[in-house]
Amino acid sequence: MKIALIGATGLVGLTFLKVMKERNFPMTALIPVASTASHGKKIEFRGKEFEICSIEDALNSKPDVAFFTAGGEISREWALRFAARDILVVDNSSTWRMHPEVPLIIPEVNGSVLRANHRLIANPNCSTIQLLMVCSPLHQKYRIQRMVISTYQSVSGSGQKAMDQLSSERDGRHTGDKVYPHPIDLNCLPHCGAFDENGNTEEELKLIRETGKILDPTIKISATAVRVPVIGGHSESVNLQFDEEFDMHELRQTLNNCLGLIVLDDPDVNQYPMPLLAAEKDEVFVGRLRRDSSVKNGLNLWIVADNLRKGAATNAIQIAEFYFQEKLNR
Ligand SMILES: NC(=O)c1ccc[n+]([C@@H]2O[C@H](COP(=O)([O-])OP(=O)(O)OC[C@H]3O[C@@H](n4cnc5c(N)ncnc54)[C@H](OP(=O)(O)O)[C@@H]3O)[C@@H](O)[C@H]2O)c1
């Protein structure tokens with residue numbers, strides 16, 4: 001397949017290249033796209049060099065698949081134009097996620113929603129993906145009534161410029177564009193995206209709305225998103241309240257049996273998920289599983305994943321793989 005990668009030079013774009021190589025994604029040609037500042041530069045993939053071009057050139061090259069990972073504005077302007085030419089578009093931005101006709105997909109959770117006539121598919125927010133990889137099997141079994149989520153989101157989740165801000169603060173330069181309104185090194189910002197009129201941030205609303213669309217709109221959700229000075233890997237403290245009673249051993253078994261999940265939970269030997277452990281891994285890690293006896297049928301857990309992989313590139317590539325496999329099976 002001919003693959004257009006819109007945003008090929010970004011943090012997510014470069015992770016796409018790594019993951020496609022590792023998974024031996026069936027690609028015959030790569031069409032890398034970035035901003036005008038990068039046009040003409042070359043990207044190496046599987047020993048060949050590909051020149052970065054404009055998005056118009058990519059559209060005219062008629063790729064089979066276009067992965068969009070260059071921000072919401074580019075997706076708003078271009079995604080439908082690609083889809084209208086029968087190109088499968090998998091979009092990493094938040095632009096199309098809540099559109100009623102655009103499927104929002106985590107293959108392990110709701111891949112069955114995909115149809116052969118879908119041309120534009122949205123990749124959920126990184127924090128939503130890792131949350132629902134764990135909560136979906138628990139919801140199927142015990143019905144989640146309410147979730148309280150606090151995120152600890154790494155700086156790579158805000159793109160290359162945020163990484164530059166962190167490193168310029170760490171080496172004492174404090175130069176360059178500021179992505180965050182305060183220093184991020186040695187700090188925690190309870191502020192991920194713009195605030196709405198009720199004081200919720202964009203990232204908090206994404207967690208609530210996307211969970212409603214993918215899993216169940218009746219689940220009550222309270223979310224607080226926090227940016228922390230970790231380079232890569234998002235962590236989440238999650239409190240769940242179920243309709244049904246649960247047995248802790250059976251609940252662990254349920255999670256142990258899920259593809260793409262790793263239960264790491266042995267406090268006696270200090271074993272629990274951490275961003276450093278999840279780095280460069282495609283799986284979602286869950287641990288600190290314990291009953292919350294302050295409510296009926298309550299559970300506390302801790303979820304960590306590499307936001308550039310399962311939270312972005314890996315999930316988008318899995319969507320394309322799943323789509324073509326299902327199409328072949330029909
Ligand atoms: N970072 C994450 O963990 C994460 C997770 C899930 C989803 N996402 C989403 O993925 C997208 C990219 O995020 P990122 O972290 O990779 O950002 P990034 O590091 O800032 O990269 C942005 C990419 O977009 C390209 N670009 C910017 N303006 C462009 C234009 N006018 N035309 C074509 N390409 C343009 C940049 O090219 P140049 O190099 O030439 O500037 C670069 O390749 C965003 O929509 C983000 O919300 C990110």
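This report describes the fold, the domains, the ligand shell and selected local features of a predicted model.

## Overall architecture

The protein chain contains ten helices and 13 strands. Its C-alpha atoms occupy a box of roughly 60 × 60 × 45 Å along the principal axes. For 330 residues, a compact globule would be expected to have a radius of gyration near 20 Å, and the value for the protein chain, 20 Å, agrees with this.

Of the 330 residues in the protein chain, 43% are buried. When contacts between residues at least 6 apart in sequence are considered, 67% of them join residues at least 24 apart.

## Domain organisation

The protein chain is divided into two parts: domain 1 comprises residues 2-124 + 311-329, and domain 2 comprises residues 127-307. The C-alpha centres of domain 1 and domain 2 are 25 Å apart. Contact between them involves 15 residues of domain 1 and 21 residues of domain 2.

On the side of domain 1 that touches domain 2, α4 (107-110) and α10 each contribute at least two residues. The largest share of that side, four residues, belongs to α10. By residue type, the side of domain 1 that touches domain 2 consists of seven nonpolar, six polar and two charged residues.

## The ligand shell

The shell around the ligand comprises 30 residues, of which Gly10, Ala34, Ser38, Ala70 and Gly159 come nearest. Both domains take part, since at least three residues of the shell are drawn from each of domain 1 and domain 2. In composition, the shell has twelve nonpolar residues, 17 polar residues and one charged residue.

Four helices, α1 (11-22), α3 (72-84), α6 (160-170) and α10 (309-329), each supply at least two residues of the shell around the ligand. Among the contributions to this shell, that of α1 is the greatest, at three residues. Helix α10 thus appears in two settings: it supplies at least two residues of the ligand shell, and it provides four residues of the side of domain 1 that touches domain 2.

## The β1 and β2 pair

Strands β1 and β2 run parallel and are joined by five bridges. Lys2 lies opposite Ala29 in β2, and Ile6 lies opposite Val33 in β2.

Strand β1, residues 2-6, has four of its five residues buried, so this strand is largely enclosed by the rest of the structure. The same reasoning holds for β2: four of its five residues are buried, so β2 is also largely enclosed by the rest of the structure.

## Residues with positive phi

Most residues other than glycine have a negative phi. Asn24 is not a glycine, yet it has a positive phi of about 55°. Asn24 is located in the loop between α1 and β2 (29-33). With 8 other C-beta atoms within 10 Å, Asn24 is exposed, the limit for this class being 12 or fewer.

Leu186 likewise has a positive phi, of about 60°, although it is not a glycine. Leu186 belongs to the loop between α6 and α7 (202-214). Leu186 is exposed because 8 other C-beta atoms lie within 10 Å.

## Two further loop positions

Pro100 is in the loop between β6 (88-91) and α4. Pro100 counts as exposed because it has 5 C-beta neighbours inside 10 Å. Although Pro100 and Lys213 are 113 residues apart in sequence, their C-alpha atoms are 9.1 Å apart in space.

Ile231 is in the loop between β9 (220-227) and β10 (234-242). Ile231 counts as partly exposed, having 15 C-beta neighbours inside 10 Å, a number that lies between the limits of 12 for exposed residues and 20 for buried residues. When residues up to four places away in sequence are not counted, Ile231 touches Ser154, Val155 and Ser156. Ile231 and Phe67 are 164 residues apart along the chain, and 24 Å separates their C-alpha atoms.

Note on methods. Residues numbered from 1 in each chain as written. Predicted model: local features only at pLDDT ≥ 70, side-chain atom pairs only at ≥ 80, totals over all residues. Rg over C-alpha atoms; globule rule 2.2 N^0.38 Å. Contact = placed C-beta atoms within 7 Å. Near = placed C-beta within 6 Å. Nonpolar A, V, L, I, M, F, W, Y, C, P; charged D, E, K, R; others polar. Domains from an automatic or database assignment. Pairing = 2+ DSSP bridges.
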